[in-house]
Amino acid sequence: MRYHYLRFDIWLCLLLSVAISFIPAKIAEKMFSQNYDNYVEEHTVENGEIGGKAEEDVYRAQNVEDLLSHETFTIVSPGIQYSNRGAGFHGSYYMYAVTLPSGERVAACINMDNVQRTGESIYSGDSILPVGHIVYENLAEDEYFINQIEHSEELTRKDFYIDMLGKGGKVSKENYTETPKTMVQVITVIVLFPIFHSLGAKMGIFPYFFAPKKKTKSEWE
C-alpha cells in the first residue's frame, strides 16, 4: 500500500487558513444567533392555521373521502404510527406515509412542533396531527421519493399530499447557525490558502506550485 503525505508548506498554509477561519465563522454564528428569534417568529404557526395545532372544532378525517370533502382537517393517529410507516424527501419537503383510521395511506408533510399527544409518552395514547389541507401533485413522477416512502406498503393515493406544515418547521438554534458558520469557514480557507502559499513562495520560503515564467532578454539588452 502506498502512502501519500502532504508537503510541509501545504500543511502550514492549511493550518494558518483554518486557524484564521474561526474568526469570521464566529462572527457569522453570532449574527445568525441574533436573528434566530425573528426566524422562530416567522415559522411559528397559530392554532387553526395550516400547520398549527388542531383544536376541537377542526374536523377529524377518517378516510380519503373526508380529506377531499373538507377544506381543512386533522388526523388522529395512534402513538407515533404517523411517523414510522415510511418517509422520504419530495423536493424540499420531508413527507411521511400517514395511515388514516380507515387503513388508507397518504403522504403528508407535518409540522412536528404542533403534534398534540394525549398519552403520557409518545408511545401511548393518540397523536393529533396539525391542521392540514390537500395539495394536488403527481407524486408518482418522483420515483426516488416513492421508493422511499413505500418501503413497507404502497400509498393509497399518489395524486396529492397533505400539507400539515404550512410556514412551520423550525430547526434548532444550533442547526440554524451551523450551516452558515460552516460555509463561511470553508470559503475563508479556500480564499486564504492560495494567498498564504503565494506569499510564502514569493518570499522564497515555499516552492511554487507553478513556477513563474522567466522573462526572456531582448536582443537590445
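**Strands, cores and a helix in a predicted model**

Biologist: Which strand does strand 5 join through two bridges, and which residue is the bridge partner of Q116?

Modeller: In this predicted model, two bridges join strand 5 to strand 6, residues 126-128, and the two strands run antiparallel. Within strand 6, the bridge partner of Q116 is I128.

Biologist: Which are the edge strands of the open sheet with the order 1-6-5?

Modeller: The open sheet has three strands in the order 1-6-5, with antiparallel pairing. An edge strand pairs on one side only, and this holds for strand 1 (76-78) and strand 5 (116-117). The edge strands are therefore strand 1 and strand 5.

Biologist: Which residues have the most contacts inside the largest nonpolar core?

Modeller: The elements giving two or more residues to this core are helix 2 (64-69), strand 3 (93-99), strand 4 (105-110) and strand 8 (160-164). One core residue, I75, touches L67, V98, L129 and I162, among others. The core has 19 residues, and those with the most contacts inside it are L67, I75, V98, I110, L129 and I162.

Biologist: How many residues has the other core, which lies apart from the largest one?

Modeller: This other core includes A107, I146, I149 and L165. Its number of residues is 11.

Biologist: Against which helix do the buried residues of helix 4 pack?

Modeller: Helix 4 (residues 173-202) has 30 residues and reaches 44 Å from its first C-alpha to its last, close to the 44 Å expected. Its buried residues include Y176, L192, F193 and H197. The buried residues of helix 4 pack against helix 1 (8-42).

How values were computed: Residues are numbered from 1 along each chain as its sequence is written. This is a predicted model: local features need pLDDT of at least 70, side-chain atom pairs count only at pLDDT 80 or more; totals for chains, interfaces and linings use all residues. Side-chain values use heavy atoms; hydrogens and water are left out. Helices (H or I, at least four residues) and strands (E, at least two) are DSSP runs, numbered from the N terminus. The expected span of a helix is 1.5 Å times one less than its number of residues. Buried means under 20% relative accessible area, exposed over 50%, partly exposed in between (1.4 Å probe, protein chains only). Contact means heavy atoms within 4.5 Å. A nonpolar core is a set of buried Ala, Val, Leu, Ile, Met, Phe, Trp, Tyr and Cys residues joined through side-chain atoms within 4.5 Å. Lists of a residue's contacts leave out its neighbours within four places in sequence.
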